[in-house]
Amino acid sequence: MTEKKRYTDEELQEFKDLIKAKLEKAKKDYVTLKEVISNSSGNDTQDTSPTFKVLEEGASVLSKEEAGRLAERQAKFISHLELALVRIQNKTYGICRETGSLIAKERLRAVPHATLSIEAKNKQ
């Protein structure tokens, strides 16, 4: 039996649907994080009694910093998912960039933007 060179169009469509669903959720999460950073939800210390104001301002700064880091990671994740959609369009999706073999479906379902097989990733 010869080894498959790429996933079938039906398999690629399955991954495309999976990625689009993840992309939609990731973009919603990104918007939420941006709102936390910009405080557009209006939930800040202005309406807090003076006793707790200092405490909440400190927590707010930490929360915004953390949200900023999460937003950066989320933007990167969105970019990786969009690149995966391009690879699907080019019919190169699911091919390990190091070995040229197909990445296991289970891995792609868990990490749909993966470009390395488990074996190649473990060698690094």
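The legends below describe an overall view and close-up views of a predicted model.

**General notes.** In this predicted model, local features require pLDDT of at least 70 and side-chain atom pairs count only at pLDDT 80 or more, while totals for chains, interfaces and linings use all residues. Residues are numbered from 1 along each chain as its sequence is written, and side-chain values use heavy atoms, with hydrogens and water left out.

**Figure 1. Overall view of the protein chain, with four helices and zero strands.** The order of elements from the N terminus is α-α-α-α. Helices (H or I, at least four residues) and strands (E, at least two) are DSSP runs, numbered from the N terminus. Of the 124 residues, 27% are buried; buried denotes under 20% relative accessible area, exposed over 50%, and partly exposed in between (1.4 Å probe, protein chains only). The chain exposes about 8,700 Å², of which carbon and sulfur atoms supply 54%. Accessible areas come from the Shrake-Rupley method with a 1.4 Å probe, and for residues only the protein chains shown count as cover. Among contacts (heavy atoms within 4.5 Å) between residues at least 6 apart in sequence, 65% join residues at least 24 apart.

**Figure 2. Close-up of the annotated zinc finger segments.** An unreviewed UniProt entry lists residues 92–123 as "domain: Zinc finger DksA/TraR C4-type". This span is 38% helix and 0% strand, and its end C-alpha atoms lie 22 Å apart. The UniProt annotation "zinc finger region: dksA C4-type", also from an unreviewed entry, covers residues 96–120. Over residues 96–120 the helix content is 36% and the strand content 0%, with the end C-alpha atoms 8 Å apart. UniProt positions are given in the numbering used here, feature names are shortened, and annotations may be inferred rather than shown by experiment.

**Figure 3. Close-up of Pro112 in the loop between α3 (105–110) and α4 (118–123).** Pro112 counts as buried because its relative accessibility is 2%. Not counting residues up to four places away in sequence, Pro112 touches Leu18, Ile19, Lys22, Leu81, Ala84 and Tyr93. The C-alpha atoms of Pro112 and Ala84 are 7.4 Å apart, although the two residues are separated by 28 residues in sequence.

**Figure 4. Close-up of Ala84 in helix α2 (residues 50–89).** Ala84 has a relative accessible area of 0% and is therefore buried. Its contacts, again not counting residues up to four places away in sequence, are Ile19, Tyr93, Pro112 and His113. Ala84 and Ala114 are 30 residues apart along the chain, and 8.1 Å separates their C-alpha atoms.
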